Amino acid sequence: MKFLLVCAAFALFGAAVAEKARYDNYRVYQVRIQTERQLELLQAIEQYPNGYVFWNDPVKVGADVLLVVPPHQRGHFSDIRAQYALRAKLQIANLQDQIDLESRPSLRKETFGWTAYYRTDAIYAWMDSLVASYPGVVSPLNIGNSFEGRPIKGVKVSYKTGNKAVFMEGLIHAREWVSGATVTWVLNELLTSSDPKVRNIAENYDWYFFPVTNPDGYEYTHTTDRQWRKTRSQSSILCRGADPNRNWGYNFMQGGASSVPCSDTFAGATAFSEVETRQLSDFIATLDNLSTYLAFHSFTQLLLVPYGHTTARLDNYDETIAIGTKAINKLQERYGTTYRIGNIAETIYVASGGSVDWVKGVLRTPLVYAYELRDLGQFGFVLPPEQIIPTAEETLDSIIVILEEGANYGYH
C-alpha cells in the first residue's frame with residue numbers, strides 16, 4: 001500500500017511538472033540600484049527569491065535590473081520600495097499577456113520565416129531543406145545529442161575552398177528566442193541576398209551556423225516555462241540543468257557563476273559537465289580555419305568582448321574594440337538602435353565559463369564577440385516577433401563591418 005501511495009505521488013508530481021507555467025499578473029519592473037544597501041537587498045532576494053525572478057543579475061551600484069514580481073509578492077515589493085527608496089519603473093504590467101502575444105499561432109506561416117518564433121523541429125526541417133536546395137554549398141552538421149536525446153544540428157555554408165571560417169552560435173540560453181531567429185535570418189540572407197557586401201562575406205568565408213545549441217532548454221521554454229534559461233540535465237535531486245554559458249573549461253567558476261544547482265547561473269559540477277557544451281567545444285576545436293566567433297544573446301544591446309572573468313585588457317583588445325566600435329556605429333544607422341561595447345566583466349558583470357572566453361582563451365581565435373541583442377528592457381526576453389527582422393537586419397550590417405575591418409587588420 002505504501003508503495004502504491006509513493007507511485008501515486010510521483011505520478012501526480014509528474015503531471016504537475018508537465019503543466020505549462022503561466023505568468024498571469026506577474027509584473028516586470030526596471031529597478032535602478034543606487035546604494036550599497038539596495039544592492040544587498042536585491043542580492044538577498046536573488047538568493048531567496050520566493051517567486052521573484054531576476055532577468056539580469058544585481059551585481060553593482062549604478063546598474064539597472066529587470067525584476068519579475070509575482071502577484072503574491074506585490075505587497076512585499078511595495079513595502080521594500082518604500083523602505084529602501086527603490087526607484088522602480090513598471091515595464092510589463094502582465095507578463096503572460098506579452099508571452100501570449102509573442103506566441104500567438106496566427107503569426108506562424110506554413111513555410112518557415114521570421115514573423116514568428118519557431119520550435120526546434122521546424123528550424124531543423126528548414127535547415128534540411130537548405131541542404132537540398134543548395135547542393136555543394138550547404139552541408140548538414142550533427143555534432144551529437146543533447147541530454148534528452150535531441151540532435152544538435154547545424155549547417156556549413158561554403159562556396160569555395162581556402163576560406164577562413166565564421167561560427168554563429170545561437171540559443172545557448174534557452175529563453176533568448178531572438179538569438180536563434182537572428183542566426184537563421186542571417187543564414188538565409190547569405191544564401192539569397194544579391195547585395196554585393198552580403199555576397200562578398202557569404203562567398204569568401206566558410207560559415208558554421210548552430211542556431212539552437214541548447215535544444216532541451218529551448219523546447220522547455222515552449223512546452224513548460226517561457227523563463228527557463230539552463231540545460232535540462234539532472235543537477236540535483238530537486239533541480240534541473242546548468243547554465244551552459246558558465247560551463248566552459250576556461251577559468252571555470254572564477255566569478256559570476258553559482259555552485260548552487262537550483263540557481264540560474266549554476267555552472268555545473270565540473271567544466272563541460274553538460275553534454276551540449278562538451279560536444280560543441282569538441283567540434284569547434286576541429287575548425288583550424290576559424291577566424292571569427294559570434295555568439296548571440298539577448299537582451300541589453302551590447303557588443304561584448306572577452307573576458308568574463310577579469311576586467312584586464314588581454315590579447316588584441318584594442319583592435320577588437322576598434323573593429324567592434326565601427327560595427328555598432330554601422331548597426332545604429334539602419335534603425336537608430338544604440339549599442340555599447342566593452343569587456344564582459346567591465347561592461348556588465350563578472351561571468352566566467354562562457355563560450356566566447358573558451359574560444360578566445362583556448363583556441364586563440366582572433367575575433368570573438370558576444371552580442372546582447374534588442375532591447376533595453378521594454379520587453380526583455382519576450383521581444384515581439386515583429387522585431388525579429390529589424391534586429392537581424394541591423395545585426396547583419398554590423399557583421400559585415402566586423403569581417404571587412406578584420407580583413408583590414410589581417411585577421412582573415
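This is a guided tour of the structure above, stop by stop, with something to select at each one.

**Before you start**

The model is predicted, so local features are taken from residues with pLDDT of at least 70 and side-chain atom pairs only at pLDDT 80 or more, while totals for chains, interfaces and linings use all residues. Numbering starts from 1 along each chain as its sequence is written, and side-chain values use heavy atoms, with hydrogens and water left out.

**Stop 1: the whole chain**

Begin with a cartoon of everything. You should find 13 helices and twelve strands; these are DSSP runs numbered from the N terminus, with helices being H or I of at least four residues and strands E of at least two. The radius of gyration is 21 Å, close to the 22 Å given by the globule rule for 412 residues, so the protein is as compact as a globular protein of that length. Here the radius is taken over C-alpha atoms, and the rule is 2.2 Å times the number of residues to the power 0.38. Along the principal axes, the C-alpha atoms fill a box of roughly 65 × 55 × 40 Å.

Now colour by accessibility. Buried residues account for 58% of the 412; buried means under 20% relative accessible area, exposed over 50%, and partly exposed in between, with a 1.4 Å probe and protein chains only. The accessible surface is about 17,100 Å², and carbon and sulfur atoms hold 52% of that surface. These areas come from the Shrake-Rupley method with a 1.4 Å probe, and for residues only the protein chains shown count as cover. Of the contacts (heavy atoms within 4.5 Å) with a separation of 6 or more, 74% link residues 24 or more positions apart.

**Stop 2: the four-stranded sheet**

Select β1 to β4. In what order do these four strands form their open sheet? The order is β2-β3-β1-β4, with antiparallel pairing; two strands pair if DSSP finds at least two bridges between them. β2 (53-54) and β4 (87-92) are the edge strands, each with a single partner, so one side of each has no neighbour in the sheet.

Walk across the sheet from β2:

- β2 and β3 are antiparallel and share two bridges; show V53, whose bridge partner in β3 is V68.
- β3 and β1 pair in the antiparallel sense over six bridges; V68 of β3 is also the bridge partner of V28.
- β1 (residues 27-32) and β4 run antiparallel, joined by five bridges; here V31 has A88 of β4 as its bridge partner.

Next, add helix α3 (residues 74-84), which packs on this sheet and touches β1, β3 (64-69) and β4, its direction making about 15 degrees with that of β1. Axes are lines fitted to C-alpha atoms, for helices over the stretch in contact, and angles run from 0 to 180 degrees between N-to-C directions. Look at β3 once more: five of its six residues are buried, so this strand is largely enclosed by the rest of the structure.

**Stop 3: P70**

Select P70, in the loop between β3 and α3. Is P70 buried or exposed? At 0% relative accessibility, P70 is buried. Not counting residues up to four places away in sequence, P70 touches Y26, N50, G51 and Y52. For a sense of scale, draw a distance from P70 to N200: their C-alpha atoms are 49 Å apart.

**Stop 4: E372 and the cis bonds**

Jump to E372, which UniProt lists under "active site" in an unreviewed entry; such annotations may be inferred rather than shown by experiment, and the positions follow the numbering used here. E372 sits in strand β12 (residues 367-373) and is buried at 13% relative accessibility. Leaving aside neighbours within four places in sequence, its contacts include H297, S298, F299 and Y339.

Two of those contacts, S298 and F299, are joined by a cis peptide bond with omega of about 10 degrees. F299 is in the loop between β9 (290-298) and β10 (302-305). Another cis bond, with omega of about 15 degrees, joins P306 and Y307.

**Stop 5: two unusual phi values**

Most residues other than glycine have a negative phi, and most peptide bonds are trans. Select M253, a non-glycine with a positive phi of about 55 degrees, and then F272, with a positive phi of about 60 degrees. M253 is in the loop between α8 (215-223) and α9 (275-284), and F272 is in the loop between α8 and α9 too. M253 is partly exposed at 32% relative accessibility, whereas F272 is buried at 17%.
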